[in-house]
Amino acid sequence: MKEKDASVDYKEHQLILYVEKKDGTYGPVKTGSYITKNFIDDFWYKRKKLEHEYLEKVRKGEISPIAYYMVLGELTPSELAARVRLGARKVKKHLTARYFGTITLDQLKRYCDVFNVSPVDMLQVIVTDKKNLKIIEEKTDNPFFTILKISTGKK
Amino acid sequence: MTFQHKMAAHCESGTVAALLNHAGLSISEPLVFGISAGIFFGYFESKKFPFPTFVVRNRPGQIRTGVARRTGVRFKERRFRNPEKGERVLDDLLSGGKPVACQTDFFYMKYLPDHVRVHINVHFITVVEKRGDVYVVSDCYSPNLAELDRESLMKARFAGGSFSPRGFIFHPVSIPRRIDYRTAIWKGIASAAFNMVRLPIPFIGVKGIRLFAKKVVDWPSLARDIDHLSHEIMKINIFLEDQGTGGAGFRFMYATFLREASELLNDPDLLEMSKRIMEIGDRWREISLFAARIGKRRDLGPDRLGELSAMIYERADAEERFFNDLLKLSKSKK
């Protein structure tokens, strides 16, 4: 690849490509990500659509919040089981709304660590039509207790 | 000595090269990659992956072990059952001024853009320093040194699942006075070429590329809907270009390695081969751009996927010729 073909002006996502330089030598150049620059809107469109679709399934009681986060995280039940160190059969049960209620707090915390969410995020989502809202979830020394700070941002 | 942060194409080859340079051995990322026989292809369908996938590099960890075996560099490596002990050992090394490479789950690298962070346990970073509860991290994918809080680094080092890091750390402890680059380079080349054309496994090497070409037309039956299919098809571009390959699924970096090797060994045959793999890489890049465009347009009918498949088959043929010639060349140079 010629150096000029690699050049993408996109500071938000930089990467290294190896190219044929103007003097004919080969070497690295720092450039922007072509796919992020040109297709990131499409990525977020698909992501939002998936979130909405799976949130509806949670709402209807078809799946558990664990299944919701698993799909968004592009994990399989078997990989998730290995990550939370539980049996695959148990994890498959936890993916259903029916068995979600049988989960222990310790097991829920393990799932939360994998998805990087707090335990409360497994039980509710925050929906608002207010703009400029700032929502910060503050961790405490207690792993099962967080403080949710909601404030209005400056206009 | 201050650790020099530098972006690199790939996390493992970049981390190994950076640590060796810090330890006094001047070596480039492509040379590390080539000597360790990094170039590869594998097509995988497994319970561990939500969708079929492919890899374009050798098994994680083999870049370090390959370089060590072929150059005589020695690394101190440790894994931990106990996370507290893993943290203590890392902190002790850092307090002694030693930069340390850590294997981590990429998902917890908070300083990188959200959309690139996925759960994959084979991301390598160099931890340079600890300031209070924050680690200073040199990540080849970050333009600058980054900061990572203690909790995130611990989660990343001790994540479960496939290729679980178990707190794995390494750092170089000895560099030989003289390295026999001729032997190291040719062994690396022979090993890479063997993996690509001689391994009798149907999903590895050139056979793996053909399997990918054959299977990609069936992907619509595996996808939830057209948007999911589009996402997976566009990931072909990410796997080939964006996910730390240096472009064209490491083919451009391998071309740079062969070029550097030809200069180091004064070997015109390697120069010729470097031009050939650069051209092969150009066609791989056409595939990745094509995949991104048809994915965005949702133009994913049988004709278009057939076209994509034909392009991949063509790469399999070109790589079969290339790696067979490279294998012959490596045998003739012994």
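Helix axes are lines fitted to C-alpha atoms over the stretch in contact, with angles running from 0 to 180 degrees between N-to-C directions, and the helices themselves are DSSP runs (H or I, at least four residues) numbered from the N terminus. This is a predicted model, in which local features need pLDDT of at least 70 and side-chain atom pairs count only at pLDDT 80 or more, whereas totals for chains, interfaces and linings use all residues. Residues are numbered from 1 along each chain as its sequence is written, chains are lettered from A and ligands numbered from 1 in the order in which they are written, and side-chain values use heavy atoms, with hydrogens and water left out.

In chain B, the axes of helix H9 (residues 226-242) and helix H11 (residues 268-297) come within 8 Å and cross at roughly 150°. That makes H9(B) roughly antiparallel (angles over 145 degrees) to H11(B).

The domain assignment of chain B, automatic or taken from a database, is set out below.

| Domain of chain B | Residues | Residues in contact with the other domain (heavy atoms within 4.5 Å) |
|---|---|---|
| domain 1 | 11-174 | 22 residues |
| domain 2 | 203-332 | 30 residues |

Taken over C-alpha atoms, the centres of domain 1 and domain 2 of chain B are separated by 25 Å.

In chain A, eight of the eight residues of helix H3 (residues 65-72) are buried (under 20% relative accessible area, 1.4 Å probe, protein chains only), so H3(A) is largely enclosed by the rest of the structure. The cover over these buried residues includes helix H2 (34-59) and helix H7 (105-115) of chain A, and just after H3(A), A:Glu74 takes a positive phi of about 50°.

How values were computed: Helices (H or I, at least four residues) and strands (E, at least two) are DSSP runs, numbered from the N terminus. Angles under 35 degrees count as roughly parallel, over 145 as roughly antiparallel, 65 to 115 as roughly perpendicular and the rest as oblique. Buried means under 20% relative accessible area, exposed over 50%, partly exposed in between (1.4 Å probe, protein chains only).
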